[in-house]
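Okay, everyone, thanks for coming. Let's have the structure up on the screen and walk through a sheet and then the cores.

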Amino acid sequence: MSRAFEGVSGSEDDDRMMTGDSRRRPPLSADAPNGRKGPLVVVIEDEPALSESVAYALEMEGFTVKTTSDGLDGTAIVRRHRPALVLLDLMLPGLSGLDVCRQIRRDSDVPIIMLTARDSEADKVAGLELGADDYVTKPFSMRELVARVRSQVRRSSRSGQYADTNEVLRGANITLDLDAHEVIVDGGVVDLRPKEFELLEALMRRSNRLSTRENLIDEVWGSSYFGDTKTLDVHIKRLRHKLEADPSNPVQIVTIRGLGYKFLDEPSS
Ligand code: CA
């Protein structure tokens with residue numbers, strides 16, 4: 001992680017950094033050379049300076065970017081344009097970031113990365129529980145942000161490509177159908193978000209064996225993941241709520257204290 005880019009909150013250093021950058025590299029047009037636009041990222045952020053530098057950094061990496069300072073407007077843009085990813089500031093005037101997250105999740109599985117303040121631990125957890133996939137804490141480095149955006153976009157498009165594998169994993173009362181991208185528990189389809197699906201797949205591929213925290217994070221979020229491991233725990237918790245008869249007493253996805261998790265073919269009793 002480069003410290004050189006840190007302090008995105010609008011210091012003079014950042015302006016110099018951005019200016020220097022633009023001199024070194026000619027600005028890309030919104031259209032890629034082949035005429036196709038790069039993946040769309042919607043940035044919902046009410047600080048104009050931050051919003052602009054984020055948009056600039058992402059456009060330099062080939063993304064198409066739409067920015068808005070308003071949460072309600074943001075949810076409308078997401079519905080209309082079906083972006084590849086949403087960057088969501090949690091501290092917005094009007095409709096709060098958490099409300100925006102909730103609204104987006106009503107009809108979209110688009111990856112959401114929250115932009116949060118350092119001291120808003122409760123908001124981060126609430127956001128992850130509402131279905132956000134990741135967060136970065138302000139002030140963040142542009143390099144880190146771009147890496148996280150890339151990783152989420154890559155992984156969500158990759159999970160869409162699982163459609164060709166025609167593979168089915170079975171364990172206990174759970175069937176994970178990679179072809180249909182469906183999880184069936186006791187004959188009924190359970191609705192999993194993309195990251196939850198990937199996490200369950202990773203666990204089931206190693207059923208009855210330990211999946212270490214490190215391996216799970218690598219497999220589901222990518223080796224370039226910089227976030228803290230709370231994200232993994234929140235996703236495990238969500239999976240348990242969707243799959244376990246008694247989520248507070250899991251018998252299917254069990255915790256191996258200090259090491260990771262294990263998916264059991266035969267639920268422990
Ligand atoms: Ca804000």
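So, start at Val 168, which stands opposite Asp 177 in E7. Before I go on, this is a predicted model: local features need pLDDT of at least 70, side-chain atom pairs count only at pLDDT 80 or more, and totals for chains, interfaces and linings use all residues. Numbering runs from 1 along each chain as its sequence is written.

Strands here are DSSP runs of E, at least two residues, and helices are runs of H or I, at least four, numbered from the N terminus. Two strands pair if DSSP finds at least two bridges between them. E6 and E7, residues 174-177, pair in the antiparallel sense over four bridges.

Helix H7, residues 194-205, packs on the sheet and touches E6, E7 and strand E8 (182-185). Touching means contact: C-beta atoms, placed from the backbone, within 7 Å. H7 makes about 70 degrees with the direction of E6, using lines fitted to C-alpha atoms, for helices over the stretch in contact, with angles from 0 to 180 degrees between N-to-C directions.

The full sheet is open, antiparallel, and ordered E6-E7-E8-E9. Its edge strands are E6 (168-171) and E9 (188-190).

Now the cores. A nonpolar core is a set of buried Ala, Val, Leu, Ile, Met, Phe, Trp, Tyr and Cys residues joined through C-beta atoms within 7 Å; buried means 20 or more other C-beta atoms within 10 Å of a residue's own. The largest has 36 residues, and Leu 88 is among those touching the most other members. Apart from that lies another core of 20 residues, including Ile 174 and Leu 243.

How values were computed:
Contact = placed C-beta atoms within 7 Å. Buried ≥ 20, exposed ≤ 12 C-beta atoms within 10 Å, placed from the backbone.
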